[in-house]
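Visitor: I would like a close look at one part. Which residues have the most contacts inside the largest nonpolar core? Please go on to what lies around that core.

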Amino acid sequence: MSERLPAPDFDAQNYARPNQNWICGHACDGNACRPGPDAKGRCCATAECKPVLELKPGETKGRWKCTRTGGACEAGPLPDGSCCRPIAKCSPVPTLRWWRGRLTLAVIAASCAVLLVVLGNPPWRNNFISPGEISQPHSGEAFTALAATNQLNQGCGACHVAGNTGPRGMVHAALHADPGILDLKKLAMAHAATPTAIDESCLKCHAGRNMHQPSAPPVSCSFCHMEHQGRMMAATTDANCNFCHGDATKMAVAAGAGNVSEPPIHHFAEDHPQFRFITEKLRDPDTLKFNHQLHLTGATIPNLPGGQKLDCAFCHQPDAAGAFMKPVAFEKNCRVCHSLQFDPETPQLMLPHGNADFVSAYLRSLPKQYATLAAKENPADVNGFVTAKLAGLRTQFGSGEDLERRIFFSTATFGPEAQVGELSGATRALFPGCAYCHEVKAAAGGSPQITKPVQTEHWLAQAKFNHAKHLNINCAQCHDAVHSKDTADILLPAQESCATCHSPRGGVADTCAECHTYHKPPLLAR
Amino acid sequence: MTRFHRQLCAGLIALIIATAGALWLNAKYSALANYAYLTGWALLAGMFVLTIYNVRKKLPFLPLGKSETWLQIHIYLGFFTTLLFLIHLKFGLPHGWFEIVLAWLFVLVSGSGMVGLFFSRVLPRRLATRGGEVIFEKIPALRHGVKTAAEELALGKDAKSPVIAEFYAKRLAVFFSGPKNFWHHLVESRRAAGALLAELEDLRRFATEADREKIGKLEALVRQKDGLDYHRALQLALKLWLFVHIPLTYGLMIFTILHVVMVFGFSGGAR
């Protein structure tokens, strides 16, 4: 370092010291003393000079000499060797630099004090350090009770080990974190899906991490479920799913473990596989014979009692949640057209529906049924009424066995075709026989056996769907019912049809979580 | 091209390149699991370098490079660190009391730094246009000299004008007693001093020829005192922003260290 000497015109008498903490109290009057205050702000003023004793050869007493800067004074030192011009003492004044230093110390002290007070008080600490609102399932009274049941600490300590302790515990937990504080390489290389210490806290309540595939690798809960993001826990993102489903290697391993082989999936519209009911050419196993095309477009289909045309909504009504459709029921949806009037001359009598044995029993008790009817309508001649009705049936169908066989096994319509059930208002029945709609088999004992129709409520078992969210779309846009003549047709849309809307181009959400759930149902139910 | 402009160009180019690089890295690697940890460490490193500039100034005897170079690095790194801060926050807002306090401290430190940069670029030019160089620490002494001279003119043994004496007692004594019109000077307004000079000018109507000469000298002293106040106000502004910047820097560092402790202590290595 080079040392700079003051310039010749340097005013040593009035040398300002802005880097020092104190200045002379006389400085504001322009009379600052030369030595100035010391580092602690004490006035160091004594006299204008410090005389020195000069001893000439042979002298014993010597002579005091003035050493004042700027020249010796006229009076010179006093006989005792002190300066004759003492400097008045002052109260040194702190500089801006001193004030700034004190303010800095005050801020440091205040910061430390506030943090110690807040962190040392658990309720304050929990509120202060929480980086965001906890989700509803992990907060509130219900969670507090659950935490108590599972012997967890309240507050942060329910999930975070460091939350159980004060500041010292936090530091201890930080120093023992894995990856460590300065383990930058491990931090950079670590994958978020790798289970961590926090997962152990999750498992205290969510025992038995339930992956949706037995071969799925263990994944950290926090990989998909981010806490401190608000009352609603954020939805799982596609990146979470793509951790496995976007990785061909992992999918190959899963396929090798006995799972269905699936190609990697990244986006629904791009590489999501076709729905399995299409690729595997599945057929609806329902034995009920139903022709959607006929019912929706057939010229012979009459209008409904209110005058409106038969449409999808007449039979397919949403359930209470609006997500799925209620099963179609004969009494509610079919009987209005398909009457069970077996005797064209007697509209008051209807076959029971739903049990073949009940039908057989009903047919074998026809005399009693006619008698009961006659008691209401023609009480004066009950026997005559019954005899006439039975004779009419015999004329038309032959014996009782023939009538029963006809009712169960016939598929042919009879009677005036223009009048169906109650719709024409003429009350002439048109009952074709059970086999017109149902699969009717002759059992070993000769009694007919009707295969119970099966209505599959949920075809895409791995996905969820909500009709209520699709009310602005016409049914036919997804369900090609007008071209379906066979009950075995599965009238669901293909993947491309869904992707028309559920894609970046369509503008509707196309995330995995939009349709799929990860965990197995038992965990969800819990 | 002056040395200042060369430094400015080099600094801006470096800042633009660093900003573009940081944004590119952010777009490419923001999906990394521990991305917030990495950006956090980068931010902390930047803040550390910015903080030790103050330490560097306290240790001028150590061969740590020129203070001017440190200042240039401090300025451009300060802007870059602000970008890192936004990246670390994922360009969102913090949640929770601690993080909000931490973010506010950063904003105040950065903001005061930018105000200080603005002052240090603008105020010295304004100072150079108003009188000669005045050392801040000597302003009280100079002001005292001006006050003494004015008192001598108005109230001294040679002063015989009651008009001037009365005016001095009513208006000028307060003006000369200490620094005045800080905010006026800061916003480059001369209305206050102009009003005082106008009143002095009005005084001439009631003064004798000899008094008018004194009034002229008083006007010169008022201008001199106003000039000193101007220098004091602007130089004080150049120093006062540090009263926010430096103390809060240390508060910020304390909260930041605790933030690091809490992140590692509470995440347990998880996100």
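Guide: A nonpolar core is a set of buried Ala, Val, Leu, Ile, Met, Phe, Trp, Tyr and Cys residues joined through C-beta atoms within 7 Å. Buried means 20 or more other C-beta atoms within 10 Å, exposed 12 or fewer, partly exposed in between, with C-beta placed from the backbone. This model is predicted, so local features need pLDDT of at least 70 and side-chain atom pairs pLDDT 80 or more, while totals for chains, interfaces and linings use all residues. Residues are numbered from 1 along each chain, and chains are lettered from A and ligands numbered from 1, in the order written.

Now the core. It holds 20 residues. Those with the most contacts inside it are A:Met170, A:Ala173 and A:Ala174 of chain A, with B:Leu105, B:Leu252, B:Val261 and B:Met262 of chain B. Three helices (DSSP runs of H or I, at least four residues, numbered from the N terminus) each give two or more residues to this core: H4 (167-175) of chain A, and H4 (97-128) and H9 (209-267) of chain B. H9(B) supplies the largest share, eight residues.

Take B:Met262. Beyond its neighbours within four places in sequence, B:Met262 is in contact (C-beta atoms placed from the backbone, within 7 Å) with A:Ile129 and A:Met170.

Apart from this core lies another. That one has 18 residues, among them B:Val146, B:Leu153, B:Leu172 and B:Leu221.

B:Val146 and B:Leu172 also take part in a helix pair. Helix H5 (residues 139-155) and helix H6 (residues 162-177) of chain B pack at about 170°, their axes 10 Å apart. Axes are fitted to C-alpha atoms over the stretch in contact, and angles between N-to-C directions run from 0 to 180 degrees. H5(B) and H6(B) are therefore roughly antiparallel, the term for angles over 145 degrees. H5(B) brings B:Val146, B:Lys147, B:Ala150, B:Ala154 and B:Leu155 to the contact. H6(B) answers with B:Ile164, B:Ala165, B:Tyr168, B:Leu172 and B:Phe176. By class, these residues are nine nonpolar, no polar and one charged. Nonpolar here is Ala, Val, Leu, Ile, Met, Phe, Trp, Tyr, Cys and Pro; charged is Asp, Glu, Lys and Arg; the others, Gly among them, are polar.

Next, B:Leu44, in helix H2 (residues 35-58) of chain B. Its C-beta has 18 others within 10 Å, so B:Leu44 is partly exposed. Not counting residues up to four places away, B:Leu44 touches B:Thr256 and B:Val260. From B:Leu44 to B:Leu186, 142 residues apart along the chain, the C-alpha separation is 35 Å.

Step back to the two chains. In total, 47 residues of chain A are in contact with 41 of chain B. On the side of chain A, helices H1 (96-120), H2 (122-129), H4, H5 and H6 (197-205) each give two or more residues. H1(A) gives the most, nine residues. That side has 32 nonpolar, twelve polar and three charged residues.

H5(A) spans residues 184-189 and contains A:Lys185. With 9 C-beta neighbours inside 10 Å, A:Lys185 is exposed. A:Lys185 and A:Phe358 are 173 residues apart in sequence and 77 Å apart, C-alpha to C-alpha.

Two backbone details remain. B:Phe91 has a positive phi near 55° without being a glycine. B:Phe91 sits in the loop between helix H3 (67-88) and H4 of chain B. B:Phe91 is exposed, with 8 C-beta neighbours inside 10 Å. A:Lys281, also not a glycine, has a positive phi of about 50°. A:Lys281 lies in the loop between helix H11 (276-279) and helix H12 (292-297) of chain A. With 8 other C-beta atoms within 10 Å, A:Lys281 is exposed.

Definitions and conventions: Contact = placed C-beta atoms within 7 Å. Parallel < 35°, antiparallel > 145°, perpendicular 65-115°, else oblique.
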